[in-house]
Amino acid sequence: MTARVGFAALPLMRPTLALFVLLLTTACATSPLGRSQLKLLPDAQLAEMGSRSFEQVKEEKEISEDARLDAYVGCVATALIEQLPPGWNSGWEVVIFEDASANAFAVPGRRIGVHSGILEVARAPGQLAAILGHEIAHVLASHGNERMSQVLAAQAGLLAASAMTDSSTPGGRATLAALGLGAQFGVLLPFSRTHESEADLMGLDLMATAGFDPEQAVVLWQNMAAASKGQPPEWMSSHPAHSTRIGELEARMARAEALYAQAREAGRKPHCQRPPEAPEPS
Ligand SMILES: [Zn+2]
């Protein structure tokens, strides 16, 4: 299924379009890796929308009640979050959902969802750190805002829609997809190749800085490739090919290894115990 955008807001479009064009010419930003970005909405507004939508997901999906799994994922997430730039070290929420698919997602507002099935692919703490580092990076780099801005740029009428996160309307579903919740609501609007690569590389730096062996990111994608048997998992159908991602990670590995060595030197050696009852690789 692809994202469809409704035109219900068309009568309100004219003043909105003027505002939109103004925004379009003034809303350029730069990502943490130095790429220029189009950001039409204040990050605070995206955070608000993301948090609200995440609450909706929490109501609709089954949340894991496994305290040891929670502690394990929390341990890895905390080790990463502690190494984020000032101002980013608090306010995160990581929720594990009972879902066998190998999926994880990030939403503006510092919300991260982890499907229990991802642990069949992320089989060691360092591999889970690669997943969580990647998701944290999507939030840190405002990819949700950028993608939302791309949706707005494509369909300026949406800007006027007030019920932007109502999953029962096409416009609302497009917005949810733009926030990073596409798969959760059956709309396919994945992050772009550019966003995926940027999140991979930022996540690699982050996991190494937190004291996780960056080579584990490569192992993760090898597991992912093996698990998908040539076909990318559903949530990654438009993600870069596994071999491309591994190549990009390898190209940054020397830098990540240096960060990892510094982290170990500084005593950052996260001890996160994978619980025995976590799903085992099949
Ligand atoms: Zn991603």
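Axes here are lines fitted to C-alpha atoms, for helices over the stretch in contact, and angles run from 0 to 180 degrees between N-to-C directions. With that in hand, welcome to the tour; what you have open is a predicted model.

**Stop 1: colour by confidence**

Start by colouring the chain by pLDDT. The mean for the protein chain is 81, and 70% of its residues reach 70 or more. Select helix 10, residues 253-265, to see where confidence is highest, at a mean of 98. Then select helix 1, residues 13-26, where confidence is lowest, at a mean of 48. Two stretches deserve a marker in your viewer. Residues 1-15 have pLDDT below 50, and beyond near neighbours in sequence this stretch has 33 contacts in the model. Residues 157-162 are also below 50, with 20 contacts in the model beyond near neighbours in sequence.

**Stop 2: helix 8 against helix 9**

Select residues 215-228 for helix 8 and residues 242-251 for helix 9. How do they cross? The axes of helix 8 and helix 9 come within 10 Å and cross at roughly 175°. An angle over 145 degrees counts as roughly antiparallel, and helix 8 is therefore roughly antiparallel to helix 9. Show side chains for A217, V218, W221, M224 and A225 on helix 8, and for H242, R245, I246, L249 and E250 on helix 9; these residues make the contact. By class, they divide into 7 nonpolar, 1 polar and 2 charged.

**Stop 3: add helix 7**

Keep helix 9 on screen and add helix 7, residues 193-209. Helix 7 and helix 9 pack at an angle of about 40°, with their axes 10 Å apart. The two are therefore oblique to each other, and their crossing is right-handed. On helix 7, pick out S197, D200, L201 and L204; facing them on helix 9 are R245, E248 and L249. This contact has 3 nonpolar, 1 polar and 3 charged residues. You have met R245 and L249 already, since both also belong to the contact with helix 8.

**Stop 4: back to helix 8, now with helix 4**

Hide helix 7 and select helix 4, residues 125-140. Helix 4 and helix 8 pack at an angle of about 85°, with their axes 8 Å apart, which makes helix 4 roughly perpendicular to helix 8. Look for G126, Q127, A129, A130 and I131 on helix 4, and for Q216, A217, V219 and L220 on helix 8. What classes of residue meet here? The contact has 6 nonpolar and 3 polar residues, and no charged ones. A217 of helix 8 is a useful landmark, as it takes part both here and in the contact with helix 9.

**Stop 5: the sheet**

Now follow helix 4 to the sheet it packs on, where it touches strand 4 and strand 5. The direction of helix 4 makes about 25° with that of strand 4. The open sheet has 3 strands in the order 3-5-4, with mixed pairing. Strand 3 (93-97) and strand 4 (104-107) stand at the edges, each with a single partner strand, so one side of each has no neighbour in the sheet. The twist averages 15° from one strand to the next. Zoom in on strand 4 and strand 5 (residues 111-115), which pair in the antiparallel sense over 4 bridges. V107 is a good residue to label, standing opposite R111 in strand 5.

**Last stop: helix 2**

Finally, select residues 43-60. This is helix 2, lying across strand 3, strand 4 and strand 5 and running at about 30° to strand 5.

Note on methods:
Residues numbered from 1 in each chain as written. Predicted model: local features only at pLDDT ≥ 70, side-chain atom pairs only at ≥ 80, totals over all residues. Parallel < 35°, antiparallel > 145°, perpendicular 65-115°, else oblique. Left-handed = near helix turned anticlockwise from the far one by under 90°. Contact = placed C-beta atoms within 7 Å. Nonpolar A, V, L, I, M, F, W, Y, C, P; charged D, E, K, R; others polar. pLDDT = per-residue confidence, 0-100. Pairing = 2+ DSSP bridges.
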